[in-house]
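Thanks for sharing this one with me. Could you have the model open while you read my notes?

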Amino acid sequence: MTSDFLAQHRDRLDAAVAASASREFYSAFDESPSPRVYGEEAAGHGKAAYEAWLGTDFPLDTPGADGTVATERSPFGIDLGVRYPRVTDVDALLAGAQARMRAWRDAGPEGRTGVCLEILDRLHGRVFELANAVQHTSGQAFVMAFQAGGAHALDRALEAIAYAWVEQTRTPATAVWEKPGKVPLKMEKTFTVVPRGVALVIGCNTFPTWNSWPGLFASLVTGNPVVVKPHPGAVLPLAITVQVCQEVLAEAGFDRHLVTLAAEEPADRLAATLAVRPEVRLVDFTGSNAFGDWLEENARQAVVFTEKAGVNTVVVDSTDNFKAMCQNLAFSFALYTGQMCTAPQNVYLPAEGVQTDDGVKTPAEVAAGIGGAFEKLLGDDARAVELLGGVVNAGVVDRLEAAGKQGEVLVESRAVSHPAYADATVRTPAIIGLTADDSEVYESECFGPVAYLISTAGTDQSIDLFRDTVKRHGAMTAAVYSTSDAVVDDMREAALDAGVALSENLLGGVFVNQSAAYSDFHGTGANPAANAAFTDGAYVASRFRVVQSRRHID
């Protein structure tokens, strides 16, 4: 069965491996939810499948569970009411995860890769169901939920599998070693990929699949059982994921509890309990600096992969297309209400203004230009909600309101009425004017729809502030606008010093907060915002070890 799975999906695996090596465009899963792509009935069936879960007991058999828990309320104002097995006995949970780990190890890279590729294929078959689940747990608009939570998340998972395939098959399974001499020596050696132990994936509220699937599949395909601990506000997308994993594992003859869901009440603090257990040898986490730092400090028995908060930065020096620059920045600020780890926050620009094709623009005029772009993007509520989505929690609104008191409000945020969900909380971005002296404000992440326009003494100071701030506080993205080759070169050097990915003069349909699987690395692991990248060899190679045996042969 496992060999059949690998043969069935081998072309997809080989294409992903090739694309990861060439860094050229590739996507295995179509990002358009159009009926022309997926058929006339796919969207309706997927929505119905999602709605059928509401108010029901989700059918998962979880070792160590007692009773159920229901914790999800949609940012669009709907209580999901889905009840999941609540884990109360961690010993039983971890014992169940490890029960038949040896058989999964012995399946080898070929068997495990085939199973994981089949899981992805079946998740793709439920992509509309997953998109609805992501939409109503994260607050993303449907198209974004379909793309980021469905197609793009599948591509990132496939990318992790492709890297793991390369790393696991780099060493041959067997080799004959011969040493010449007066008494020749001849040995046969066997090399086996051995998993590290139980892997813990700690999900986040905003991107429950996109941020969880790379670590889940990187660990599973390298032989490790996986415990998935979802954010209490975004359980359903990962429950569906675990359900599919268990179905395929069981069909292939493996223990379904190699992947389990660990749902909880928020007060249970299950992630902290699991993370320090000796059985847990791998931890993947996306979320706050506070808990990410805690994991790195306390989960000493495990290899910990964290993606935390950072201060994403744009340096504006000059542009030959002011209108397009403002449009690009406005879209980047507005997409999913700025609730993305890659969304820009700090915009450094000279107080005396920036040179453009429309003359010199002061910081206030740059803000006005972005504000005008907001009007075109977000002026109509029905259109605006399809870009903004919903505010994921009350903390975002609190930060937005507080930001208005920390500087000059150059562009005000406004409340948007959602035409389909009356109880949804939707806000447009605010732009706050600061100076270089306001470091106590702009050196911290303000997660949500807040952008700071920071006036500096000039581009040299802007670049210095960018380099220093990212080195100390981290960033997932950076961008520069300049018509000067020398300034762009200086920004490239500063980005290398700070260890952050750089986008240069984005004016068209690519935005700083987007990354393409197989081509763009998400995070670098080279600054405090993240200690790993989606996806490279280091992301997967630490999840297994190669253990050898050797013997004399004639």
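Below are a few numbered points on a sheet and on the cavities.

1. A word on the source: this is a predicted model, so please read each point below as a description of a prediction.

2. Let us begin with the sheet of 3 strands. The sheet is open, its strand order is 3-4-19, and the pairing is antiparallel. Strand 3 (174-179) and strand 19 (544-552) form the edges, each pairing on one side only. From one strand to the next, the twist averages 30°.

3. Within that sheet, have a look at how strand 3 meets strand 4. Strand 4 covers residues 185-195 and runs antiparallel to strand 3, with 6 bridges joining the two. A handy place to check the register is Glu 178, which stands opposite Lys 186 in strand 4.

4. Now to the empty space inside. How many cavities of 30 Å³ or more does the structure hold? There are 4 of them.

5. The largest cavity contains about 120 Å³ of space. Its lining is made up of 18 residues, and those nearest the centre are Phe 285, Thr 286, Thr 306, Glu 307 and Phe 534. Strand 8 (280-286) and strand 9 (303-307) are the elements that give two or more residues to this lining. By class, the lining has 9 nonpolar, 7 polar and 2 charged residues.

6. The second largest cavity holds about 90 Å³. Here 13 residues form the lining, with Gly 338, Ala 343, Gln 345, Glu 445 and Cys 446 nearest the centre. This lining divides into 7 nonpolar, 5 polar and 1 charged.

Definitions and conventions: Residues are numbered from 1 along each chain as its sequence is written. This is a predicted model: local features need pLDDT of at least 70, side-chain atom pairs count only at pLDDT 80 or more; totals for chains, interfaces and linings use all residues. Side-chain values use heavy atoms; hydrogens and water are left out. Two strands pair if DSSP finds at least two bridges between them. Helices (H or I, at least four residues) and strands (E, at least two) are DSSP runs, numbered from the N terminus. Axes are lines fitted to C-alpha atoms, for helices over the stretch in contact, and angles run from 0 to 180 degrees between N-to-C directions. On a 1 Å grid over the protein atoms alone, a cavity is a set of points where a 1.4 Å probe fits but cannot get out, and a pocket is an open set with protein on both sides within 12 Å along at least five of seven lines; lining residues have an atom within 4 Å of a point. Grid points are joined across faces, edges and corners, and a volume is the space filled by probe spheres set on the points. Ala, Val, Leu, Ile, Met, Phe, Trp, Tyr, Cys and Pro count as nonpolar, Asp, Glu, Lys and Arg as charged, and the others, Gly among them, as polar.
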